[in-house]
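Here's a quick briefing to read alongside the structure. Have a look at it first, then work through the bullets topic by topic.

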There are 2 protein chains.
Amino acid sequence: MLLFNSPISGNCYKVRLLLAHLGIPYERRDLDVVDRSSRGEVLDGLNPDLRVPTLVLDDGRPLAESGAILWYFGEGTRFVPGDRFARAKVLQWMFFEQYTHEPAIAVVRFLVAYSGEADRYAKVIERKTVDGYRALDALEAHLGRSDDPYVVGGTLTLADIALYAYTHVAHEGGFELGGYAAIGEWLDRVASEPGHVPIEA
Amino acid sequence: MLLFNSPISGNCYKVRLLLAHLGIPYERRDLDVVDRSSRGEVLDGLNPDLRVPTLVLDDGRPLAESGAILWYFGEGTRFVPGDRFARAKVLQWMFFEQYTHEPAIAVVRFLVAYSGEADRYAKVIERKTVDGYRALDALEAHLGRSDDPYVVGGTLTLADIALYAYTHVAHEGGFELGGYAAIGEWLDRVASEPGHVPIEA
């Protein structure tokens, strides 16, 4: 199968990280994340939102949205809990990541470190940095309050993979994680899981 | 169980619509959507993002994020397909709705029709209106291209419920849906399903 990918996108990294954990082979085709002019041509008919990650299965069927791709491969594995409530909690954190965490932290990181136009976007960066810290506060409070080592329960799930992707590179956007003790420990825990691969892999 | 609700929130309406279809009873507690000052107090410990909908099950366990709540009740019913790929497609459209559709269309609708400060937010409204039409274009192209009457396959799923919520009130934000023929037919189809309830219900 073929993954339309970006090497620096955390959303793509989520998919690569899960597929690495599961030992599922695939091909990659990297698209430029700054120059998006070819996306319409390449992804039309595959992803209504013309974004990466977009996956094309061996039979040609396309699947988009990192969360949906994670779910497709995660269902029935150790990365999706067998318990119905725990499963919904995994989705709760995945939706939180896409609605609240990513639109702040990933966007700031992109504008600061990859767009080449950080000055032009100074106001957006300032505003979304506040939102990003609010998302980190929410995650820190949850991890600090829970007895569980992972976001949902005692083992690594899709919720950890989804939240790890942009949290572990938030510093590239200027976020200071020093004050987030529970997040720091959790990041180390996720990265030390057998089968883990870095975003550069 | 108890739903922390807003009568005008499309995200809350998704939950109410599914629970109506399923005939599951619940209590509501309405929170003000404009004055959000009490949210921290009311929702702390229940929802890390301090937003509605937040659901508290009869045993006291809280669940947040409309998509996760829909999944919790939808799994194992006719609203979540039995086929693995179709299930992932439902999630694809639910994540699309939360990442691309809702942050444009729901926000414009809120600012135009409910915030009382539309003038102050004129620039945001202008920018997000463009984004909202792009989301509607993506949905129209999908519905127009498919032979299926619903977003994923031949029957109403959580994807329809998630996308219907803010699409059917997009006109409140000034969106002109006249040119979207496939969306128009689909909205009528969703609203004529047995068990459907309006957002006011």
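Lay chain B on chain A and you get an RMSD of 0.0 Å, using a turn of 180° and a shift of 0.0 Å along the axis. The two copies are therefore related as by a two-fold rotation axis. Keep in mind that this is a predicted model.

**The axis and the contact between chains**

- The residue of chain B that comes closest to the rotation axis is B:Tyr99, with its C-alpha at 2.9 Å.
- Both copies use the same surface, since 100% of the contact residues of chain B recur in chain A.
- The contact draws 25 residues from chain B and 25 residues from chain A.
- On the chain B side, β4, α3 (66–74), α4 (84–113) and α5 (122–145) each put in at least two residues.
- The biggest giver on that side is α4(B), with 11 residues.
- Sorted by class, the side of chain B that touches chain A comes out at 15 nonpolar, 5 polar and 5 charged residues.

**The sheet of chain B**

- Chain B has an open sheet of 4 strands, ordered β2-β1-β3-β4, with mixed pairing.
- At the edges sit β2 (27–30) and β4 (62–64) of chain B, each pairing on one side only.
- From one strand to the next, the twist averages 20°.
- β1 (residues 2–5) of chain B runs parallel to β2(B), and the two pair over 4 bridges.
- Within that pair, B:Phe4 has B:Arg29 of β2(B) as its bridge partner.

**Helix α1 of chain B**

- How does the span of helix α1 (residues 10–22) of chain B compare with what 1.5 Å a residue would give? Its 13 residues should span 18 Å, and the end C-alpha atoms are indeed 18 Å apart, so the two agree.
- Of the 13 residues of α1(B), 10 are buried, which means the helix is largely enclosed by the rest of the structure.
- Among the buried ones are B:Cys12, B:Tyr13, B:Val15, B:Leu17 and B:Leu18, and also B:Lys14, B:Arg16 and B:His21.
- The buried residues of α1(B) pack against β1, β3 (54–56), α3, α4 and α6 (158–167) of chain B.
- Right after α1(B) comes B:Gly23, with a positive phi near 65°.

**Backbone details worth a look**

- A:Val52 and A:Pro53 are joined by a cis peptide bond, with omega about 0°. A:Pro53 sits in the loop between α2 (39–43) and β3 (54–56) of chain A.
- In chain B, a cis peptide bond joins B:Val52 and B:Pro53, with omega about 5°. B:Pro53 is in the loop between α2 (39–43) and β3 of chain B.
- B:Leu50, found in the loop between α2 and β3 of chain B, has a positive phi near 50° despite not being a glycine. With 18 other C-beta atoms within 10 Å, B:Leu50 is partly exposed.
- B:Glu65 is another residue other than glycine with a positive phi, near 75°; B:Glu65 lies in the loop between β4 and α3 of chain B.
- Is B:Glu65 buried or exposed? B:Glu65 is buried, as 29 other C-beta atoms lie within 10 Å.

**One residue of chain A**

- A:Arg189 belongs to helix α7 (residues 181–191) of chain A.
- A:Arg189 counts as partly exposed because it has 15 C-beta neighbours inside 10 Å.
- A:Arg189 and A:Asp137 are 52 residues apart along the chain, and their C-alpha atoms are separated by 19 Å.

Definitions and conventions
Residues numbered from 1 in each chain as written. Chains lettered and ligands numbered in written order. Predicted model: local features only at pLDDT ≥ 70, side-chain atom pairs only at ≥ 80, totals over all residues. Pairing = 2+ DSSP bridges. Axes fitted to C-alpha atoms, helices over the stretch in contact; angles between N-to-C directions. Contact = placed C-beta atoms within 7 Å. Nonpolar A, V, L, I, M, F, W, Y, C, P; charged D, E, K, R; others polar. Expected span 1.5 Å × (residues − 1). Buried ≥ 20, exposed ≤ 12 C-beta atoms within 10 Å, placed from the backbone. Least-squares fit on C-alpha atoms with pLDDT ≥ 70 in both.
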